[in-house]
Every structure is written in structure tokens, then in C-alpha cells.
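Here's a quick briefing on charged pairs and one strand. Have the structure open while you read.

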Amino acid sequence: MRLTSSTVAWVVLLTILSTFAHQHNGFVPSRTSLDRLSGSANYLTKEELWFQQTLDHFSPYDHRRFQQRYYEFFDYFRVPDGPIFLKICGESSCNGIANDYISVLAKKFGAAVVSLEHRYYGKSSPFNSLKTENLRYLSSKQALYDLAVFRQYYQKSLDLKLNRSKVENPWFVFGISYPGALSAWFRLKFPHLTCGSLASSAVVHAVYNFTEFDQQIGESAGPECKAALQETNQLVEQRLATDGKAVKALFGAAELEIDGDFLYFVADAAVIAFQYGNPDKLCSPLVQAKKAGDDLVEAYAKYVKDYYLGSFGVKVQTYDQKHLKNTVITEDSADRLWWFQVCTEVAYFQVAPLNDSIRSSKVDTRYHLDLCKNVFGEGIYPDVAATNIYYGGTKIAGSKIVFTNGSQDPWRHASKQISSTDMPSYVISCHNCGHGTDLRGCPQAPLSIEGNAENCSSPDAVHKVRQQMVEQIDLWLSQCQASARSSM
């Protein structure tokens, strides 16, 4: 093929970027992580890059730093003025840039995609031990400053590579779930650093007793499945009282010595089917068993072992408070880390409603508070009021933020579901539209390449919201670029 001047510039930029990346790799202890998204097609890139991050952004005296992992993807970047999409990682190991709908958006807008691992998670741990006193710098506030510092660092690095100064690419931030909240909060706190935000299934409202969560599971299940689930949970509780060891063994969860941990595990196994767009994997066999007069506990235990622990890949130890107390850094440390954030900032205590609940009434506020105390020590509890005062909850006073939610997702009740000025909110309604449907398609787990929506029960509902997202991103990027030109 013939090399045009733009092609030459592109090749030169890639060469510089590759050289820069290899020169700036930091050393961290080797640790492996559970990768549920197997196969290279599931990632745009898995090549690790590193930079030095400030440990405490709020102290003028503490100048300690730690190595933070990030990724970059330049295949669709329009040199030199294309936008930069910052895809925020959250409460798990960040093993690359997932090949979801953001790859389609990057191609459409000629954008580079960069992604920063959340402090403490994966390979970005500041300490060699996760004892409670070392977790004092694990918070959403510190994480937002991490993103701001990284954004400035990366823009300056790009300017050096392109041999320019006082010119900035337009940035746009993306996130799903807790990273979706971080995306909205980043635009709220650092509006000068991004043209806008996509906040997918963004849990921006900290909730102490999150009864709406269980209520949504009932609505998403529908009358037949809901009734079967309620009966199943009642039977599980009865058997737990008479022969606890046997019923725990039936579910493959004999290691859960605390009954509350086991009942939380039993409830969560049902949640995942609706949250991630696989409701029929749960409801079809359970309703069938009820109609046939079969043992509902046996039928539910089979679903839990085959799907939740099997193909979905959850580990029983995730629910074991002995595991959560482990301060040694392992591939499963995210369990302890996220519970620390739950127990200090956001709560989201998924308690049973007083009436018509699906989960056990023993999964109550006291269970959660006891867990926080047992795992992290005295004085650890979530200051939900302070979190909502700081960010605004669903009354967030931001601008140029798109909120999206799936109709079946229980987490949408901690998100902003009503549009306001410069902050449109869309709910994607379909039978299997759950957590992050706009970027993940259906089902939401396992990964659908490029966020394929064809397996959604209503692909048109997803396409419609995506088109509205694209229009907002296009508008806000254009406004950003126009403002940059007028200031030159």
C-alpha cells in the first residue's frame, strides 16, 4: 500500500508510544488474577503500563507514591486531535480494556481509549498488607484524584510525543456500576478535565438499608418465579434450622460457618441472574420444579452449583467472613477491599424488606454492621449521609452526564433515573436488560463482543438509547473542541 503523510505520522506515533510504554514499566510483585473473560478477543489490549501515583492527595506532608497500572488502545485514534476516552476500572482487578461497546464508540469518534486500575485492586496496591490501618487511603475521593492526576499526566505525555504544547485533546469518561458513579462524580468534581461523562448503571446514591434492591428482584422475576423463590428461601431457612450442615453441603457451601453468610450467598445467587441478563437460567428450572412438585431446594441448589459457582465462576469463600479478614494480598483480595468501601462509604446493605421479601429476614442491618465490625474492627461503619452530602446522591448538581440503566437491574434504584438539565437519564427496558446493558449488550455476563445487543429481548430498545448516547457524546465533544479553538 502507499504510505500517505497521515499514515507516516501514525506509524511514527505508534513507534514512540511503544517505546515510551516499555521505558516506563514499573516493577511490582508478580500476582495472578482470576480472569473470567477468557480469550484475547474479549480485550482491546492487555498490555500493562505503569506510572507513579500519589498515595494521599489530601495531605501536604505525605509525599509517598505507589505504582498504578493502566492500559492504552490507539488503533482507532485520529492523530493528533482525536478524543481520549477514559474508561474507569472499579472494584476488581483491571486486566485490560474490555472489548465492549466502547470499542464501537472509539471507532466512530476516532478516539484513543485509556483505562486506569483502581487503587488497591489488582496490581495497584500501595501496601504489601491489607490490614485495616493500611486501607485508610482506599476511598472514592482518593480514586477520583487518582483519575485527575492520571489524566493530566497522560495528556502531558501525549503532548510530548506529538511535540506540541498548550493543546489538549478532548476527554470523555466512561464507567459501569461503581465506576459509573466515579464517572459521574469525576465530571461533577473536575468539569474542566472532561467534556462529559457516561454513567452506566451508576450507583451515585449511597443507601443504608437498600430494601428496593430485593423488591426489584421480585419485580424482575415476575409472579411465578418470585413465588417459587420465596418458597425456596423459606424451605432453605427451615432446613438450616434443623440440619444446617446438610443444607450447606447441598449448595456446595459447607465452609460458610456463619448462617448469615450462607443466607446472603443463597440470596445473591438469585440476584446475579437478573443483574447480568440471564433470568431464564434461574426461573425456568425453578418454576418447572414447582409445577412438577419437585424439591425446590434441590432444584435451586442445582442452579447455584451449575451456574453461579460453575459457569458464572463465583467462589463460595467470597461470602466467608474468615476469608474477608485475610490481609494477605491474593487474587481474591477484591472481596475484602470492596467490603471496606461498603463498610465506610456507601453501605448498599441489601436487607430484606419488612413485607413480601425474597431474601431471608436474617440478612438485616445488624448482620451487615456485625460483618463490618468483625472483618475490619471497632468503629468501622458507613457514613452514608456524608457520602451523599459530598456527591449529592440522585440530586447530583453536575452537567453533561448521561445516566443509563437496565430495567431489570436491582442497582438502578441507587442511580439517577430521572432526567434533569444537561443530565439525561435513560432506562433500557427489556426482559434481560440488566447492569450496564448500554455498553455490555445482552447478556451482561459473560462478555458480548462489542456489546452485541442482538441477544437482548428488545434490541431496538438498546439501539435507541445508544443512539441518544452517541448524540450527546458528539454534541459535548463538539462543544469542547469549539471552546478550545476560541481560547487559542
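What follows covers the salt bridges, then strand β11 and its neighbours. Keep in mind that this is a predicted model. The salt-bridge count comes to 23, and three of those pairs get a closer look below, namely Lys123 with Glu48, Lys302 with Asp306 and Asp320 with Lys322.

**A pair linking two loops**
- Lys123 and Glu48 make a salt bridge, with 2.8 Å between the closest N and O atoms.
- Lys123 sits in the loop between β6 (112-116) and α3 (140-161), while Glu48 sits in the loop between β1 (43-45) and β2 (49-54), so this pair ties together parts that are 75 residues apart in sequence.
- Lys123 has a relative accessible area of 17%, so it counts as buried because the cut-off is under 20%.
- Glu48 comes out at 24% relative accessibility, which makes it partly exposed.

**A pair within a helix**
- Lys302 and Asp306 also form a salt bridge, at 2.6 Å from N to O.
- Both belong to helix α8 (residues 296-311), and because they are four residues apart there, about one helical turn separates them.
- Lys302 is exposed at 52% relative accessibility, whereas Asp306, at 43%, is partly exposed.

**A buried acid and its partner, plus a network**
- Asp320 and Lys322 meet through their side chains in a salt bridge of 3.2 Å, N to O.
- On the acid side, Asp320 is buried with a relative accessible area of 7%; on the base side, Lys322 is partly exposed at 47%.
- Elsewhere, Glu48, Arg69, Glu117 and Lys123 are joined into one network by salt bridges that share partners.

**Strand β11 and its neighbours**
- Is strand β11 (residues 401-406) enclosed or open? Six of its six residues are buried, so the rest of the structure largely encloses it.
- In a regular strand, side chains alternate between the two faces of the sheet.
- Ile401, Phe403 and Asn405 point one way from β11, Val402, Thr404 and Gly406 point the other way, and all of them are buried.
- Strand β8 (residues 197-200) pairs with β11 in the parallel sense over four bridges, and Leu198 stands opposite Val402 in β11.
- Strand β12 (residues 425-428) runs parallel to β11 too, joined by four bridges, and there Asn405 stands opposite Val427 in β12.

Definitions and conventions
Residues numbered from 1 in each chain as written. Predicted model: local features only at pLDDT ≥ 70, side-chain atom pairs only at ≥ 80, totals over all residues. Heavy atoms only, no water. Salt bridge = Lys/Arg side-chain N within 4 Å of Asp/Glu carboxyl O. Buried < 20%, exposed > 50% of the residue type's maximum accessible area, 1.4 Å probe, protein only. Pairing = 2+ DSSP bridges.
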